[in-house]
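User: Could you take me through the strand arrangement and the aromatic contacts here?

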Amino acid sequence: MPMEIRFDQMNCVVTGGAGGIGLETAKLLRDSGAKVWILDRVAVSEPGVESLVLDLRDDEAFAKALDRIGAVDVAVLNAGICRPQKLEETTRENWQATLDINLSAVFFHLKELAIRMKQRRKGSMVLTASTNSFDGEADLISYNASKAGLLGILHTAANELGPYGIRVNAVCPGLIETALTASAFADERLIKPYFEALPLGRGGKPLEVANAIAFLASDVASYITGTSVFVDGGQMATKFGTWGNLESRFEGGKWCLS
Ligand SMILES: NC(=O)c1ccc[n+]([C@@H]2O[C@H](COP(=O)([O-])OP(=O)(O)OC[C@H]3O[C@@H](n4cnc5c(N)ncnc54)[C@H](O)[C@@H]3O)[C@@H](O)[C@H]2O)c1
């Protein structure tokens, strides 16, 4: 039988779905048969997708949104921010703001969902972590700490919720072209050396992350829980970079062989 990833009759929630990775994921789930709810502080006008506007740091507002949505089959916990600052200049405000949405909010969302999914003995959640969950990219100490913290949530939740038929996984994107990274993509001086170190020689598209999220969320991944999947063009596989000693050129935003 051919492999098919479908979400027919499934209720799917995507946090931070107003743009970038979340919006591509919402559209993909919708196109694969799901009823999709986007929860974001920004309203979305997307056919066949319900948009609920809230501050995702507000636990009460999130619980109310879940009451409205009803039983959730799939939750993609994706909202996040990134505010670069040098380690010794990082303010408590930056630290707290980043952890509030990237880590604490994800915990409270996952907890609310777990309580409800446990009653039905089924469900699947996917967290948007990052390659920065594993590395120490400079000037991003609060972001890196928040994304590393997600791995603790991932492993513990997979462990405690597995017996109830609930799977929890994560994607770890590399540099993906979204509003969050628009300034980086606009600066060739930055992306040229960055992509030189990536086996695939280019940045990623939101849909390429959405595809991995949909796979992990779906029944096709029925024996996968507690894992994190890099969607990073091979970034985490290299040590000394990729393209430096090859006959190559940088063209159209990516490295190619000459
Ligand atoms: N773009 C990348 O290169 C990249 C790489 C690794 C991980 N990520 C992660 O992917 C996720 C999505 O990022 P993206 O690149 O699509 O960025 P994005 O800025 O397009 O999307 C983030 C969304 O989260 C929403 N959001 C943020 N704080 C909120 C709050 N308090 N309440 C409600 N909504 C809130 C924003 O409105 C936005 O729609 C983030 O968790 C990010 O850390 C992105």
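Analyst: The notes below take the strands first and then the aromatic rings; the model is a predicted one.

User: Let us begin with strand β5. Is β5 enclosed or exposed?

Analyst: Strand β5 covers residues 123–128, and six of its six residues are buried, so the strand is largely enclosed by the rest of the structure.

User: Which residues lie on each side of β5?

Analyst: Gly-123, Met-125 and Leu-127 are on one side, while Ser-124, Val-126 and Thr-128 are on the other. Both faces are covered, since every one of these residues is buried.

User: Why do the two sets interleave along the sequence?

Analyst: Because side chains in a regular strand alternate between the two faces of the sheet.

User: In which sense does β5 pair with β4, and over how many bridges?

Analyst: The pairing with strand β4, residues 74–77, is parallel and has four bridges. Within it, Leu-77 has Leu-127 of β5 as its bridge partner.

User: And what about β6, in what sense does that strand pair with β5?

Analyst: Strand β6, residues 166–173, also pairs with β5 in the parallel sense, here over six bridges. Val-126 is bridged to Asn-169 in β6.

User: Which helix lies on the path from β5 to β6?

Analyst: The chain passes through helix α4, residues 141–161, and this β-α-β crossover is right-handed. On the β4 side, helix α3, residues 92–120, joins β4 and β5 in a right-handed β-α-β unit.

User: Changing topic: how many aromatic pairs are there?

Analyst: The count is five aromatic pairs. One of them is Phe-185 with Phe-195, a tilted pair at 5.9 Å centre to centre with 55° between the planes.

User: Where do those two rings sit in the chain?

Analyst: Phe-185 belongs to helix α5, residues 182–185, and Phe-195 to helix α6, residues 188–196; the two are ten residues apart. Both Phe-185 and Phe-195 are buried. Together with Tyr-194 they form one aromatic cluster.

User: What is the geometry of the pair formed by Phe-250 and Trp-255?

Analyst: Phe-250 and Trp-255 are tilted as well, with 5.4 Å between centres and 55° between planes.

User: Why do Phe-250 and Trp-255 count as buried?

Analyst: Buried means under 20% relative accessible area. Phe-250 has 15%, so it is buried; Trp-255 has 10% relative accessibility and therefore counts as buried too.

User: One last point: which residue lies over the face of Tyr-164?

Analyst: That residue is Lys-118, placed over the face of Tyr-164 at 4.4 Å from the ring centre.

Terms used:
Residues are numbered from 1 along each chain as its sequence is written. This is a predicted model: local features need pLDDT of at least 70, side-chain atom pairs count only at pLDDT 80 or more; totals for chains, interfaces and linings use all residues. Side-chain values use heavy atoms; hydrogens and water are left out. Rings of Phe, Tyr and Trp (its six-membered ring) pair if their centres lie within 6.5 Å; planes under 30 degrees apart count as stacked, over 60 as edge-to-face and the rest as tilted. Buried means under 20% relative accessible area, exposed over 50%, partly exposed in between (1.4 Å probe, protein chains only). A charge sits over a ring if NZ of Lys or CZ of Arg is within 6 Å of the ring centre and within 35 degrees of the ring normal. Two strands pair if DSSP finds at least two bridges between them. A crossover is right-handed if, with the strands pointing away from the viewer, the path from the first strand over the helix to the second runs clockwise.
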